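These are my notebook entries on a single structure. I record what I looked up, in the order in which I looked it up.

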Amino acid sequence: MDRWQGKVAIVTGASSGIGAATVKELVKAGMVVVGLARRVEQIQALKADLPKEVASNLYAFKCDIAKEDDILKAFKFVEEKFGGMDVLVNNAGAYENVDLLVAGNTSALRQSLDVNVLGLALCSREAFISMKKRAADGHIIHINSIEGHKVPCYPGANLYPASKHAVTAITETMRNEMRNAGTKIKVTSISPGLVKTPMMDLCDEYGSHDTSTMPMLHPIDIAQGILYALGTPPHVQVHELTIKAVGEPV
């Protein structure tokens, strides 16, 4: 991670779960981190878990990834304060436990697409523009899912697997565009299996899964996978990294 010392990272969905764990690990690794989320107070609270000498390198910015204006304001803030950014972790995700073919579910379906697909694409666009303008060999990381590669059978999946399949395709589209543009910017898709996060707790609450006996990862496991991808030499690009708990049945 030496090449990222003092460099600027943006992490979306940074208030809890994988995003919160990633924010803390990146700051401890020497990066300046801007966490984006609707609940900025939870990002600010993460400073208490950081060593005092680096806690000031964490910044919180209120941003709803489903809203383009919020995204543009966030990237403008980073541009004005730091001159640009070097790493983007697209972690924000939306999931509501509702069947695809149930009447009145339009809001839930639209949220999945607005956050998981369009929001990710818009953040990536703004990050690429910033990196390319500064000739920075940056890195964009998408937190995908094993559901981005196969569709499991469980109630309430709705557009979540479809949105993650889109992330898989977007990753390859971006890789091709970055290469064609003559840059050395990297893009990586990280596909976790089951992770103990508030989103998984939501599944338990709705009764669509019983995760109490399932082997499960922790957010820190995915954050360490991000550090691995970032820590590869400049000539190495991790296209896809799948991370599962030992014994996971999915």
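**Entry 1: the second largest pocket**

I began with the second largest pocket, which holds about 210 Å³ of space. I note that the model is predicted. Which residues line the second largest pocket? I found Ala121, Ser124, Arg125, Phe128, Ile140, Ile170, Thr173, Met174, Glu177 and Met178 in its lining. I then sorted this lining by class and recorded six nonpolar, two polar and two charged residues.

Next I asked which helix gives the most to this lining. It is H5, with five residues. Helix H5 covers 160-180, and both H4 and H5 supply at least two residues each.

**Entry 2: the cavity**

I turned from pockets to enclosed space. How many cavities of 30 Å³ or more does a search of the whole structure find? The search finds one. The largest cavity contains about 40 Å³ of space. Its lining consists of Thr12, Ile65, Asn90, Asn91, Ala92, Val115, Gly119, Leu120 and Cys123. I counted the classes here as well: five residues are nonpolar, four are polar and none is charged. Helix H4, residues 106-133, gives the most to this lining, with four residues.

**Entry 3: Asn90**

I selected one residue of the cavity lining, Asn90, for a closer look. Asn90 lies in strand E4. Is Asn90 buried or exposed? Its relative accessible area is 3%, and buried means under 20%, so I entered Asn90 as buried.

I then listed the contacts of Asn90, leaving aside its neighbours within four places in sequence. They are Thr12, Leu120, Cys123, Ser124, Ile140, Ile141, His142 and Ile143. Of these, I noted that Thr12, Leu120 and Cys123 also line the largest cavity, while Ser124 and Ile140 line the second largest pocket.

**Entry 4: the sheet**

Strand E4 led me to the sheet. In what order do its seven strands lie? I read the order as E3-E2-E1-E4-E5-E6-E7, in an open sheet with parallel pairing. The edge strands are E3 (58-62) and E7 (240-243), each of which pairs on one side only. On average, neighbouring strands are turned by 15° against each other, direction ignored.

I examined one pair in detail. Strand E1 (residues 8-12) and strand E4 (residues 87-90) run parallel and are joined by three bridges. Val11 has Val89 in E4 as its bridge partner.

Finally, I looked up what packs on the sheet. Helix H1 (residues 17-28) does so, touching E1, E2 (32-37), E3, E4 and E5 (139-143). The direction of H1 makes about 170° with that of E1.

Terms used: Residues are numbered from 1 along each chain as its sequence is written. This is a predicted model: local features need pLDDT of at least 70, side-chain atom pairs count only at pLDDT 80 or more; totals for chains, interfaces and linings use all residues. Side-chain values use heavy atoms; hydrogens and water are left out. Two strands pair if DSSP finds at least two bridges between them. Axes are lines fitted to C-alpha atoms, for helices over the stretch in contact, and angles run from 0 to 180 degrees between N-to-C directions. Contact means heavy atoms within 4.5 Å. On a 1 Å grid over the protein atoms alone, a cavity is a set of points where a 1.4 Å probe fits but cannot get out, and a pocket is an open set with protein on both sides within 12 Å along at least five of seven lines; lining residues have an atom within 4 Å of a point. Grid points are joined across faces, edges and corners, and a volume is the space filled by probe spheres set on the points. Ala, Val, Leu, Ile, Met, Phe, Trp, Tyr, Cys and Pro count as nonpolar, Asp, Glu, Lys and Arg as charged, and the others, Gly among them, as polar. Buried means under 20% relative accessible area, exposed over 50%, partly exposed in between (1.4 Å probe, protein chains only).
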